[in-house]
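Visitor: I would be grateful for a close look at one part of this structure, namely the annotated sites and their surroundings. Please describe them in a connected account.

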Amino acid sequence: MPVFPKISLRPEVEHYLRNVFKNTELLNAFGLEGTEQKFEAFLTRLSQPPGFTTVRLNTHLASVECIRDLLTEEIQKQLKDLRKCDVRILPHPKLPDVLLIPVIGPRENLAKYSSEVIVGVQCGNAVLRGAHVFAPGILSAPKFMKVGDVVSVFSDIDGKCTRGAMEFQGNKVFVGNGIAEMKRSSIFCSDKPLKGIGIRMTKPVCLSPCFDKVLSNHIFLQNLPSVVVGHVLAPVPGERILDMCAAPGGKTTHIAALMHDQGEVIAMDKIANKLERIKQNAALLQLKCIKAYCFNGTKALATDATGSSTDGPPFSPESFDRILLDAPCSGLGQRPNMACTWSLKEVLSYQPLQRKLFAVAVKLLKPGGVLVYSTCTITLAENEEQVAWALQTFPCLRLQPQEPHLGGEGMMGACLSRDQLKQLQRFDPACVPAEGFRFNPEEEESSQRTESDFIQQANKDTIGFFIAKFVKVP
């Protein structure tokens, strides 16, 4: 029996996605059975966490070697039950500012306790990637739960558990065991704002270090494809660069670090509290070339009516050397994700917004400048179809090869040529082997896997992600 069920989707969304994976071009290339197998693999992989934790290093402040030593020391403190030789931290040969930590698990033989704590699905997803259970995520706890009790934690994947319940018999998935840091009444009967760790995870199903407030000046947790984006953009010191939809600031700070904090990085987001996170992350990483503005990217181009600002948005045409459009999207590549409640209308709502943002980006880009478009979803409509639309709508754009190219090529189905598909980069969870990536330190001693095998697996076992790179010809 699998450790995690396949992702739960609304029937109309699953039908839509099935048609994406069984479009005419794919059917002609791989046949009905091949496309059906890939779609089922995709549904299964989405509910599983990636097999590696990706840590981006702030090389602006310290060397890779120094940060790696600090990280090793911290992980050994957290994972005391492991031998020193069991803690693997791997450098990535194509990404010099990345370290990879294999996730230990999934551990299928953990004992389950009679005292059960139920958490929301997003909280459960976070636990599977190394987080403790924070109190606001707790939906149900035993009637007499007190500080120090050992409990088993389950994720309510259907969203049916009533907050404050003492038990729950609905559809739930075991994510590990932990120790209560709060009593039940402090969680459900307090008038004070709920914050802090409610359950400290001691034996999670997927064992990964917790990085909450750990080496905050030196490291930034990012999914592997998100780090690849910054390198594909390839910023140069002294340039003026725009990150159009920047929150929470991971890619923004990466761009600034790659520029050695020399030049100007403009970060925009239309939601004020998200903008504060960008500023906080920039301050933590001691990056001073970042300027953050609360502004709607679709209105970032100055017109005769609005006029242009000398500093912030709106901006004059052809103001930027490089632009990153990490567009708002349906997020259907995120992992782990055991349940998505979105309607089909919500899933389809992003393509028009993405095109508005893209059109503004093209006008703000200098001739000869680079535009990188990315999403964390897997639909054709938000990815390859957007590329086809862009090439047809903007004759000034040329698709460019990407370096590094760690993912697969683009998906068939948008009438792009084979050469064009090869220039795109799609990280596809369906490509993860059927059994997923499993790392068990005890079994690893007799394994024949090399470090190169680990890196190849890490390049595949990621979230779903898409990258396209364009240049604007004069």
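Guide: What follows concerns the annotated positions and one further loop residue. The model is predicted, and the site labels come from an unreviewed UniProt entry.

The UniProt annotation "binding site" covers Cys245, Ala246, Ala247, Pro248, Gly249, Gly250, Lys251, Asp269 and Asp326. These residues gather at one spot, because no two of their C-alpha atoms are more than 13.1 Å apart although they span 82 residues in sequence. Two of them may be considered in detail. Pro248 belongs to the loop between strand 11 (240-243) and helix 7 (250-258), and it counts as partly exposed because its relative accessibility is 35%. Beyond its sequence neighbours up to four places away, Pro248 touches Arg277, Ile278 and Asn281. Gly250, by contrast, is placed in helix 7 and is buried, with a relative accessible area of 6%. With the same exclusion of sequence neighbours, the contacts of Gly250 are Arg56, Phe220 and Gln222.

The "active site" feature is placed by UniProt, also in an unreviewed entry, at Cys376. This residue sits in the loop between strand 15 (365-375) and helix 11 (384-393). Its relative accessibility is 17%, so Cys376 counts as buried, the limit being under 20%. Leaving aside residues up to four places away in sequence, Cys376 touches Cys329, Gly331, Leu332, Gly333, Gln334, Ile463, Gly464 and Phe465.

Asn337 lies in the loop between strand 14 (320-326) and helix 9 (344-348) and is buried at 11% relative accessibility. A polar atom of the Asn337 side chain is 3.3 Å from the backbone nitrogen of Ala339. Farther along the sequence than four places, Asn337 touches Ile7, Leu46, Ser47 and Asn125.

Note on methods. Residues numbered from 1 in each chain as written. Predicted model: local features only at pLDDT ≥ 70, side-chain atom pairs only at ≥ 80, totals over all residues. Heavy atoms only, no water. UniProt positions renumbered as here; feature names shortened; annotations may be inferred. Helix = DSSP H or I, 4+ residues; strand = E, 2+ residues; numbered from the N terminus. Buried < 20%, exposed > 50% of the residue type's maximum accessible area, 1.4 Å probe, protein only. Contact = heavy atoms within 4.5 Å. Polar contact = N/O pair within 3.5 Å; in protein donor to acceptor, adjacent residues only side chain to side chain.
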